[in-house]
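User: I would like to learn how to read individual features of a protein model, one at a time. Please give the general idea first and then the case at hand.

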Amino acid sequence: MGTPTSAPMPVDESQPIEATRIERTSPNEPFLVRLQYLETITPQRFHASESLVVTTPDAGLKRLPEGDWKVSFQQSRPATIAYSVYVKAFEHHETKLLAEEREQWRGEGYATFVTTMGRAITASDGTVYDGRKYWLGIDRCPTERDALALKGTLQNEKIWAWIRPEVRSPAEGKLSFIDASGTTQLVSPSPARIRSAGPVSLEGARSGKPPLRTTAPIEFELNTKGNLSVCGSLPLESYLQGILPAEMYPDWPLEALKAQAVAARSEIIAHAGGKHFFEGFDFCIEQHCRAFSGEEGHHARTDEAVHETTDQVLVDRENAIVPTVFSANCGGWTEHNENVWDGAPAAALRGHSDQVGGERLQGNGSVESWIRDNPASYCSHDKEYFRWNRSLSLASVSKQLNNQYGIGTLQRVEMMERGVSGRLKEIRLVGSRKSEVVRKELNIRRAFDNLPSALCTIDVDRKNSVIRVRGAGRGHGVGLCQQGACGMAQANQGYDAILQHYFHDVRISRL
């Protein structure tokens, strides 16, 4: 399993798994979502409509009046970072396999540790929905170079590992709260938390847009880069109200909005404590996670959809909350998750037909005719993306591909492997200098000027110096098809039927 490249740092190898970080809510306790509203290298301005109560590490509670405020910052000591090397991930029910694997690595001389990702949530009836995953680490290296060296050693032995920077001690510094007159009213060590009975408006949270209005508590702290990070916690239902209008058109049928609300709620819970775990929050408010519009972005119809599905989530046979991903338009056929992203097949995320009245079989040999056809699918009302054509400049795309892959001038594209929906999983770029295989649908889409989807055919017309692309759908195609949900709702299908159509072998449960 590899030879240690440096003396491992002391770790909590004696602690049982349950002693690692766990966030399990009690029955009837609200599920809180921790957001990073912004990160800034300049002082942060905000407006408070009501008076503030500031909690500081050294001075306890301090009251400040409502109005315009500025928080400036100065770092006195940077954060201490360790670079954790992980070798395997386990589901919450695989603790026996984890223990066995951990013992093997200990036998090789590694002081192992376990990081618990995600959360478990306890429903009102006492049912525990466990979304935790365990990452098995073998070393916390003092420098990134040491971690990369260890990763390289493991890779030579056909062991795939990954590295995550982990804060061992946070940055230290001072925060100054300055009022509208320029007078410093409070100086506090980082972090500081503000509470207020009214909303708080944060300037610069969304680039080029008005201040983001949200509710306290809000925390100001110095992050590992020495920048000011502004975070806050919202109840799940409030967070949903701030994101749903950006995920589905509010004027769509209510049953489609309700399906989206349940899917989004499930996806949030399934991925909380994951992507940004090591940064100390659940989600950012940009497209990287999902766009959050704050209180001013609420809409009456999406608020209604959230309210009518309060606490409802999708669970699978294992009583786990389903990671209910969604995309704009599946093009008439959804895709298996493992054909789009790395990871094991998920039982709920099986690709299948979106056609009205039954399935028509398709295979790799019929993709071209399938795309040229206009089958009666739930998402076919989306005339812009259900079927589309693109004509791309051969010279421009060829230059881009040569810069990225060094293939020379593009000669042709060989479409190799496709998923169950017909989406490309693998293509070969044949150039004047060499050939290169491109894998995964997002990489393929990006290679050709960000195609709407990888459910397409690509033809290089060298005579006319153009690349002709025929395609279907928009997005990755896994899980809920949003345009299809709209079509099903227009056909008088309820939100529960919509969800069970797009997610395999699931049921709606209440937290």
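User: Which residues of helix α10 are buried?

Analyst: Buried means under 20% relative accessible area, exposed over 50%, and partly exposed in between, with a 1.4 Å probe and protein chains only. Helices are DSSP runs of H or I with at least four residues, strands are runs of E with at least two, and both are numbered from the N terminus. In helix α10 (residues 495-502), the buried residues are Tyr495, Ile498, Leu499 and Tyr502. They lie on the same side of α10, because they cover an arc of only 95 degrees around the axis; the arc is that of the directions from the helix axis to the C-beta atoms. This is a predicted model, in which local features need pLDDT of at least 70 and side-chain atom pairs count only at pLDDT 80 or more, while totals for chains, interfaces and linings use all residues. Residues are numbered from 1 along each chain as its sequence is written, and side-chain values use heavy atoms, with hydrogens and water left out.

User: Against which elements do the buried residues of α10 pack?

Analyst: Contact means heavy atoms within 4.5 Å. The buried residues of α10 pack against two helices, α4 (254-271) and α9 (482-490), and against the strands β21 (312-315), β29 (480-481) and β30 (507-510).

User: How should strand pairing be read, and with which strands does β3 pair?

Analyst: Strands of a sheet pair through backbone hydrogen bonds, either parallel or antiparallel. Two strands count as paired if DSSP finds at least two bridges between them. Strand β3 (residues 44-48) is antiparallel to β6 (residues 67-77), with 5 bridges, and antiparallel to β16 (residues 200-202), with 3 bridges. Ala48 stands opposite Gly67 in β6 and opposite Val200 in β16. The covered face of β3 carries Gln44, Phe46 and Ala48, whereas Arg45 and His47 are on the uncovered face.

User: What is the strand order in the open sheet that contains β25?

Analyst: The order is β24-β25-β26, with antiparallel pairing. Its edge strands, β24 (410-418) and β26 (435-439), each pair on one side only. The twist averages 20 degrees from one strand to the next. Between β24 and β25 (residues 424-431) there are 7 bridges, and Glu414 stands opposite Arg428 in β25. Helix α7 (residues 394-405) lies across β24, β25 and β26, at about 70 degrees to β24. For such angles, axes are lines fitted to C-alpha atoms, for helices over the stretch in contact, and the angles run from 0 to 180 degrees between N-to-C directions.

User: Where are the cis peptide bonds that involve Pro191 and Pro217?

Analyst: One joins Ser190 and Pro191, with omega about 0 degrees; Pro191 is in the loop between β14 (184-189) and β15 (192-196). Another joins Ala216 and Pro217, with omega about 10 degrees, and Pro217 lies in the loop between β17 (212-214) and β18 (218-222).

User: What is phi at Lys440 and at Asn492?

Analyst: Lys440 has a positive phi near 80 degrees, although it is not glycine. Lys440 is in the loop between β26 and α8 (441-447) and is partly exposed, at 25% relative accessible area. Asn492, also not a glycine, has a positive phi of about 70 degrees. Asn492 belongs to the loop between α9 and α10 and is exposed, at 72%.
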